[in-house]
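Work through these exercises with the structure open beside you. Try each task before reading its solution.

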Amino acid sequence: MVNISLIILLSYTFEESNDKFIQYWPKEKVTPLSVNDPSSNKKYTIKLTAEINVIEKYVPMRTFDICEGDKVILTVKQYQFNFWEDQSIPLAQIGIPIFD
């Protein structure tokens, strides 16, 4: 496992009915996502602990806890920029937020 603390996502999960990538986080706080790491043969759980809109609906920020068993081994923040679709111009003129 790589020790990261921030993910910047520059895409929707799908566009024009086409999947852009596989969603790697839980859709709801109440339903954690289980994943296997084939390189270490370990099982991890990804828990969504927070989801807020930083800039209206255009930049959701999510916080995940990565757990091994009951122990949190990593906390990751993810910012998803949703204001520029592939086949168009930006929906809004938004500055890039400062990440903490």
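The exercises below concern a predicted model.

**Exercise 1. Find how many helices and strands the protein has, and give their order.**

Step 1. Count the elements. The protein has zero helices and seven strands.
Step 2. Read from the N terminus. The elements run β-β-β-β-β-β-β.
Step 3. Turn to burial. Of the 100 residues in the protein, 32% are buried.

**Exercise 2. Work out the strand order in the open sheet, and say which strands stand at the edges.**

Step 1. Trace the sheet. Five strands form it, in the order 1-7-6-5-4. The pairing is mixed.
Step 2. Look at the ends of that order. Strand 1 and strand 4 (33–37) each have a single partner strand, so one side of each lacks a neighbour in the sheet.
Step 3. Add the twist. From one strand to the next, it averages 30°.
Step 4. Check one edge. Strand 1 pairs with strand 7 (residues 71–80) in the parallel sense, over four bridges. In this pair, I7 stands opposite Q78 of strand 7.
Step 5. Check the other edge. Strand 4 and strand 5 run antiparallel and are joined by five bridges. Here D37 stands opposite K42 of strand 5.

**Exercise 3. Describe the turn between strand 4 and strand 5, and what sets N41 apart there.**

Step 1. Name the motif. The two strands form a hairpin, with four residues between them.
Step 2. Recall the background. Most residues other than glycine have a negative phi.
Step 3. Now take N41. Its phi is near 65°, a positive value in a residue other than glycine.
Step 4. Judge its burial. N41 counts as exposed because its relative accessibility is 71%, and the cut-off for exposed is over 50%.

**Exercise 4. List the residues of the largest nonpolar core, and say which strand gives the most.**

Step 1. List the members. The core has nine residues: L9, W25, Y44, I46, L48, F64, I66, L74 and V76.
Step 2. Sort by element. Strand 5 (42–55), strand 6 (59–68) and strand 7 give two or more residues to this core.
Step 3. Pick the top giver. Strand 5 gives the most, with three residues.

**Exercise 5. Locate the two salt bridges, and say what they tie together.**

Step 1. Recall the principle. Side chains of opposite charge can pair when their charged atoms come close.
Step 2. Take one pair. The side chains of E68 and K42 meet at 3.9 Å, N to O. E68 lies in strand 6 and K42 in strand 5, so the bridge ties together parts that are 26 residues apart in sequence.
Step 3. Take the other pair. The side chains of R62 and E51 meet at 2.9 Å, N to O. R62 lies in strand 6 and E51 in strand 5, so this bridge ties together parts that are eleven residues apart in sequence.
Step 4. Compare burial. R62 counts as buried, at 7% relative accessibility. E51 is partly exposed, at 41%. E68 is partly exposed, at 33%. K42 is partly exposed too, at 37%.

**Exercise 6. Examine the nonpolar surface patch and the segment before strand 1.**

Step 1. Find the patch. L6, I8 and L10 make it, with an area of about 270 Å².
Step 2. Place L6. It lies in strand 1 (residues 6–9), and it counts as partly exposed at 33% relative accessibility.
Step 3. Step back to N3. It sits in the segment before strand 1. N3 counts as exposed, at 70% relative accessibility.
Step 4. Relate N3 to T75. They are 72 residues apart in sequence. In space, their C-alpha atoms are 9.4 Å apart.

Terms used:
Residues numbered from 1 in each chain as written. Predicted model: local features only at pLDDT ≥ 70, side-chain atom pairs only at ≥ 80, totals over all residues. Heavy atoms only, no water. Patch = residues over 30% accessible without salt bridge, like charges linked within 9 Å, V, L, I, M, F, W, Y side chains within 5 Å. Areas by Shrake-Rupley, 256 points an atom, 1.4 Å probe, with all protein chains shown as cover. Salt bridge = Lys/Arg side-chain N within 4 Å of Asp/Glu carboxyl O. Buried < 20%, exposed > 50% of the residue type's maximum accessible area, 1.4 Å probe, protein only. Pairing = 2+ DSSP bridges. Axes fitted to C-alpha atoms, helices over the stretch in contact; angles between N-to-C directions. Core = buried A, V, L, I, M, F, W, Y, C linked by side-chain atoms within 4.5 Å.
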